[in-house]
Amino acid sequence: MSRLRVAGISKNFGAIRALEGVSFEVEPGQVLGLMGDNGAGKSTLVKIVAGNYRPSSGDLFVDGAKVDYHKPIDAQREGVEVVYQDLALCDNLSAASNVFLGREPRKNFAGFKIIDYAQMRKRSAELFAQLKSETRPCDLVRKMSGGQRQAVAISRTLLANAKIVMMDEPTAAISVRQVSEVLDLIKRLRDQGLSIILISHRMPDVFAVADNIAVLRRGRLVANKPANQSSPEEVTGLITGAIQAA
Ligand SMILES: Nc1ncnc2c1ncn2[C@@H]1O[C@H](COP(=O)(O)OP(=O)(O)OP(=O)(O)O)[C@@H](O)[C@H]1O
Ligand SMILES: [Mg+2]
């Protein structure tokens with residue numbers, strides 16, 4: 001059974017048709033590379049699956065059950081997490097505090113409920129180890145590289161026991177060495193059985209980790225096929241419209 005099934009999703013913003021009859025599936029342990037030019041509808045699709053927008057028509061299924069999210073927390077409860085490009089981390093806090101932001105564990109101390117920092121440090125160290133990241137719980141996010149920040153953001157999804165993780169341009173603003181770190185993180189999530197949707201304009205990144213590649217052009221899905229049966233040339237043609245569909 002598919003982890004995620006998107007069935008005939010359309011989305012209008014007034015007169016703008018951002019998505020039109022988009023359908024695809026993602027299995028557990030699979031990475032879908034989602035590509036398309038600026039304005040093709042990628043972020044809109046992510047926001048619909050994440051519960052930020054409701055579709056104008058069409059249905060979403062998670063593990064075979066129809067879902068109808070009214071707000072992001074509804075999607076999060078079902079294990080749908082998004083890592084946005086700007087990451088939304090707090091610069092002035094430690095890695096551990098960022099991993100647990102809004103979900104801090106508490107303990108009793110002299111009759112008070114206080115934040116259990118030791119537990120946060122311990123658990124985030126485990127998560128970083130699980131991701132084979134060198135990030136340390138007490139490191140300040142302000143002093144971190146782009147790749148380390150990605151590790152923190154991705155650890156948040158692990159803590160949440162995510163089933164579906166969507167990443168909108170995670171490698172757009174980081175150095176070459178960090179890109180390979182982030183691609184490794186994506187592979188580790190995949191190996192743990194998560195379903196991943198990776199949005200990227202960077203062809204080599206998508207081909208390095210995606211099992212399937214889907215292409216959106218002006219709101220329509222014009223291809224969805226195994227990466228090993230496609231090529232960067234074909235995908236470029238699909239994105240620009242030089243190739244109609246594949
Ligand atoms: N909140 C909104 N209100 C009105 N129009 C919107 C809104 N969000 C997106 N759109 C429009 O929907 C279309 C798809 O936008 P979307 O942001 O999904 O594209 P994208 O593929 O993510 O592009 P990019 O690569 O530039 O991030 C565009 O025409 C955009 O202007
Ligand atoms: Mg976008």
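Modeller: Let's start with the vocabulary of exposure: a residue is buried under 20% relative accessible area, exposed over 50% and partly exposed in between, using a 1.4 Å probe and protein chains only. Cys138, at 56%, counts as exposed.

Biologist: Before we go on, what kind of model is this, and how is it numbered?

Modeller: It's a predicted model, where local features need pLDDT of at least 70 and side-chain atom pairs count only at pLDDT 80 or more, while totals for chains, interfaces and linings use all residues; side-chain values use heavy atoms, with hydrogens and water left out. Residues are numbered from 1 along each chain as its sequence is written, and chains are lettered from A and ligands numbered from 1 in the order in which they are written.

Biologist: Back to the cysteines, then. How many disulfides does the structure hold?

Modeller: The test is a pair of cysteine sulfur atoms within 2.5 Å. Here the count is zero.

Biologist: Why is there no bond for the sulfur of Cys90?

Modeller: Because its closest cysteine sulfur, in Cys138, is 16 Å away, too far for a bond. Viewed from Cys138, the closest cysteine sulfur is the one in Cys90, again at 16 Å. Cys90 itself is partly exposed, with a relative accessible area of 26%.

Biologist: On to the ligand. How many residues surround ligand 1, and which are the closest?

Modeller: A residue belongs to the surroundings if one of its heavy atoms lies within 4 Å. Ligand 1 has 13 such residues around it, and the closest are Asn38, Gly39, Lys42, Ser43 and Thr44. By residue type, the shell divides into five nonpolar, six polar and two charged; Gly goes with the polar ones in this scheme.

Biologist: Which helix and strand each supply at least two residues of that shell?

Modeller: Helices (H or I, at least four residues) and strands (E, at least two) are DSSP runs numbered from the N terminus. Strand E2 (16-26) and helix H1 (42-49) are the ones you want. H1 gives the largest share, with three residues.

Biologist: And which atoms lie 2.9, 2.8 and 2.5 Å from an oxygen atom of ligand 1?

Modeller: For a polar contact, look for a pair of N or O atoms within 3.5 Å. Gly41 has a backbone N or O atom 2.9 Å from a ligand oxygen. Ser43 uses a side-chain N or O atom, at 2.8 Å. Thr44 places a polar side-chain atom 2.5 Å from an oxygen atom of the ligand. As for cover, ligand 1 alone exposes 640 Å², and the protein buries 62% of that; the areas come from the Shrake-Rupley method with a 1.4 Å probe.

Biologist: How many salt bridges does a search of the whole structure find?

Modeller: You need a side-chain nitrogen of Lys or Arg within 4 Å of a carboxyl oxygen of Asp or Glu. The search turns up 16.

Take Lys66 and Asp59, whose closest N and O atoms are 3.1 Å apart. Lys66 is exposed at 54%, while Asp59 is partly exposed at 29%.

Another one pairs Arg123 with Glu126 at 3.0 Å. These two sit in helix H4 (residues 117-130), three residues apart, or about one turn of the helix. Arg123 is partly exposed at 27%, and Glu126 is partly exposed at 36%.

Biologist: Glu234 and Lys225: buried or exposed?

Modeller: Both are buried, and their side chains meet in a salt bridge, 2.9 Å from N to O. There is also a network of salt bridges that links Arg3, Asp63 and Lys163.

Biologist: Speaking of Asp63, what value is its phi near?

Modeller: Most residues other than glycine have a negative phi. Asp63 has a positive one, near 50°. This residue is in the loop between strand E4 (57-62) and strand E5 (65-67), and counts as partly exposed at 30%.

Asn161 has a positive phi too, near 55°. Look for Asn161 in the loop between helix H5 (146-159) and strand E9 (164-168), where it is exposed at 63%.

Biologist: One last residue: where is Gln178?

Modeller: In helix H6 (residues 176-191), and it counts as buried at 13%. From its C-alpha atom to that of Ile239, 61 residues apart along the chain, the separation is 26 Å.

Key:
Polar contact = N/O pair within 3.5 Å; in protein donor to acceptor, adjacent residues only side chain to side chain.
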